[in-house]
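Subject: Structure handover

Hello,

Here is the structure you asked to take over. My notes on it follow below.

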Amino acid sequence: MPLTAAVISGVQKLVLYETRARYFLVGSNHAQTKHRVLKIDRTEPRDLVIIDDKHVYSQQEVRELLGRLDLGNRPKMGQKGSSGLSRAVSAYGIVGFVRFLEGYYIVLITKRRKMADIGGHSIYKIEDTSMIHIPNDSVRVTHPDEARYVRIFQNVDLSSNFYFSYSYDLSHSLQYNLTLLKSPCDPGAEPEEEVHTQSRQDSFDIFEDEGQPTQVVHGIQNEPYAKYVWNAKLLECVKDVVHHDWLMYIIHGFCGQSKLLIYGRPVHVTLIARRSSKFAGTRFLKRGANCQGDVANEVETEQIIHDASVMSFRAGSYSSYVQVRGSVPLYWSQDISTMMPKPPIRLDQADPYAHVAALHFDQMLQRFGSPIIILNLVKKREKRKHEKILSEELYPAILNLNQFLPPEHCIDYIAWDMARYTKSKLCNVLDRLSMIAENVVKRTGFFINRSDFYCHNLRPDDRWGDLGGHISSNGRVQTGVLRTNCVDCLDRTNTAQFMVGKCALAYQLYALGMIDKPKLQFDTDCVRLFEELYEDHGDTLSLQYGGSQLVHRVKTYRKIAPWTQHSKDIMQTLSRYYSNAFSDADRQDAINLFLQVYQPCDNRPHLWELPTDFYLHQSNTMALLHHRRSYTYWWSEGILSYLPLPYDEVPCEENMKKVKVKRVNRYDQSIDIYTEFFKPYELTSFDDTFCVAMTNSAREFMPKTVGVDPSPFTVRKPEETGKSVLGNKSSKEEAVLQRKTAASAPPPPSEEAISSSSEDDSEEDREDDASVSQRSTPVRISEAGDGGRAQEDQHQPMRETYGLNLDDSPAKDDLVIYHTFAHLGQNQHTVEKTEPTYLENAINLVPVSRFEEDSIFEVSPPRVDKETCELFESHVMTGHGQVRALCREDVLMYREYIKNRYM
């Protein structure tokens, strides 16, 4: 079977040129060797007219084309003073096209920032966008409400947590993407044959009579998962008109990556959260589910662990684990007409047959397989019934659905009052969550793209043998998923997901051969790095849905948070209340307009005139149902036959229709991830690479003192850590830290940010700041008046670097050890290597080296073969300008490179 690879988008850099009658959008790949051109008509006041000739231009052809356009659009032929073609803006991708009451706008990405790297595939965050009106001013038909719609649309801040990739499908999980690359491809299908014919013409071999047989690779493109794509509606009007390279799908949520160094071996820990675009909105305005089974605040969180020493998907080791959060799948809402912090919960519609829950869990069975495990964290005991209403309605719905499923694929329901356990002084919340997490991970398993190591057979672990999931020849596959919910799906849910993720992380590291037992302890560098990543993840999702950061964190449930944290929690609660009361309605309107849930029209009420958006999200209220689903066979056809495997990942005929395959040369730029990642055609610096700038466990968390175990799995005391365990940071420092966790090149903190530390830090943090072995402090230049302070700063780096004060004399025991070591070194070179020699002081020295002449003073030189010597001499002669004649293999390799690069 030929090799498969993901297709890299051929449009990564864009330049928009304008004339009075047209826009010309020129897109190129990263190397700027292949170009495409879109022609957009500006004379139509309302319609969008786009022409894509589907032709691939070379750099020279594009220059000639732009030169002819410039010459043809000048006011007078040959006049050099005024240009007929002007450059409007440079961009990195198209978000989409949108129309309100006048003509169309084009939304372009003008700034981007690298956030993560998975197998050489870069993930970018949108930093800035530009919204350009397409029709010319001479044909523009003005409308008085157009400007208001533009302001509402721009309330969706595209520079806040929107992500994209040119070569990696962010809407699907790593398990889906790698499973697709290993699935058999059928080159005989119609769409593939068309691309195949075109590919054969493009890759005509001019050295066919002399060359070696060209290896064929199947380039694979699949459709994104519509639920997690946020600009699908904005691209819908051009999807069937332009080439696929112009379409770039974006997701909304969170993306962060950190580096875990295990004795110098890099392991990348990546966290990706995908927020659903269906039934999306803000906290009190979007609750429960809609009539199609889509729930509010639905987020799919995936943690990816991979050994960064090998980049390739084919040869590297990759592991992932997925879990989901989302509102309780019922028809419920909260009355926000009264100014109350906790509005009463009400059930909007009776659903005796659990129809909406059936639609929701049908989607989950199709995407994740079985078992589906529900972790319900809402309160059970309340003086006035509030959250308990949801539990009393959800549990009968699950029982009703389970009676029609096979017993081995039933939905598991775990109800646990987390808030009540937190108030109890006798109960440890995280211990209970750890037990639940262990059970869940054993049931679902996790994904890894390689088979078990031999060391797992040598040192078997009981928990490893009980692990669930599907085991294949290529590794393990996660079957099923954990679905966690509370009322808001924010604070309690994030802590529960962290504990499950921590348990899964232990199994993932064990499967990659990094640890000897699948268990991780708190207060280690590894868990602290993971906890920081999850807190940034929770803060980001909480800001998007609730309007504030997390109120209760992992430290709160561990009961190690300082007293100052309570005041910060109060401020976050007030911030959340203010956002929900005053700004959520405007944010909801912006989301509805951006997702095209509401489309402006002259003969319908304006968006701000609608009393509610209920009818926009509940489609069955505006039309009669022509087909009603069965209440007993509530799952989609074909799903049960493949369980526990997810139906979406099965290579059946229906799924393969969503995949496009084209046959290309193995050196073709559209699938060459090596050239895409390393960019050998550019002059780059190692210091500017993303891997150097990302958060590093050794730099950020490991103690700075000598003599401490550098393992990231060693439990640290609070005074030994590179960062404070309590983690009290001012708001500015938190913002810098969040950018540092996720950003490729975090900006250095300003002097203002360093000097404006929080005044409410606890005494423990102040002691930590004063401790010289705690963290690396910046070097301060003291003034002449600070004599004592300057003297202290001079000694501080010495103690921090060496772990002791060099002015003090060594202890007596240390001197004895040193003299013994020196005595061993003096006698080592006289020891014969043939047999053990007994010295006067009865020290038994056993040779451990295979070389006969090795000692601490000399080493036998290695033997170099003749071929290596000739190769070295050839390099030296080439440096002097004397190039040897190329052999046949070198000539063929060079011709193959030139053919695929320039022809």
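Which residues is glutamate 531 in contact with, leaving aside its neighbours within four places in sequence? They are Phe498, Val554 and Lys555. Please keep in mind that this is a predicted model.

Glutamate 531 is part of helix H13, which covers residues 525-545. Its relative accessible area is 6%, and it counts as buried because the cut-off is under 20%. The side chain of glutamate 531 makes a polar contact, at 3.2 Å, with the side chain of lysine 555. These two residues are 24 residues apart along the chain, and their C-alpha atoms are separated by 9.6 Å.

Phe498 also appears in the largest nonpolar core, which has 56 residues. Together with Leu433, Val441, Phe446, Leu509 and Leu520, Phe498 touches the most other members of that core. Elements that give two or more residues to this core include strands S12 (251-262), S13 (265-275), S14 (299-307) and S18 (372-376). Helices H9 (429-444), H12 (491-511), H13 and H14 (554-558) are also among them. H12 provides the largest share, twelve residues.

Valine 441 has its own set of neighbours: not counting residues up to four places away in sequence, it touches Tyr321, Leu467, Val500, Cys503, Ala504 and Tyr507. There is also a second, separate core of 34 residues, with Val322, Trp332, Leu401 and Val650 among its members.

Regards

Terms used:
Residues numbered from 1 in each chain as written. Predicted model: local features only at pLDDT ≥ 70, side-chain atom pairs only at ≥ 80, totals over all residues. Heavy atoms only, no water. Helix = DSSP H or I, 4+ residues; strand = E, 2+ residues; numbered from the N terminus. Buried < 20%, exposed > 50% of the residue type's maximum accessible area, 1.4 Å probe, protein only. Contact = heavy atoms within 4.5 Å. Polar contact = N/O pair within 3.5 Å; in protein donor to acceptor, adjacent residues only side chain to side chain. Core = buried A, V, L, I, M, F, W, Y, C linked by side-chain atoms within 4.5 Å.
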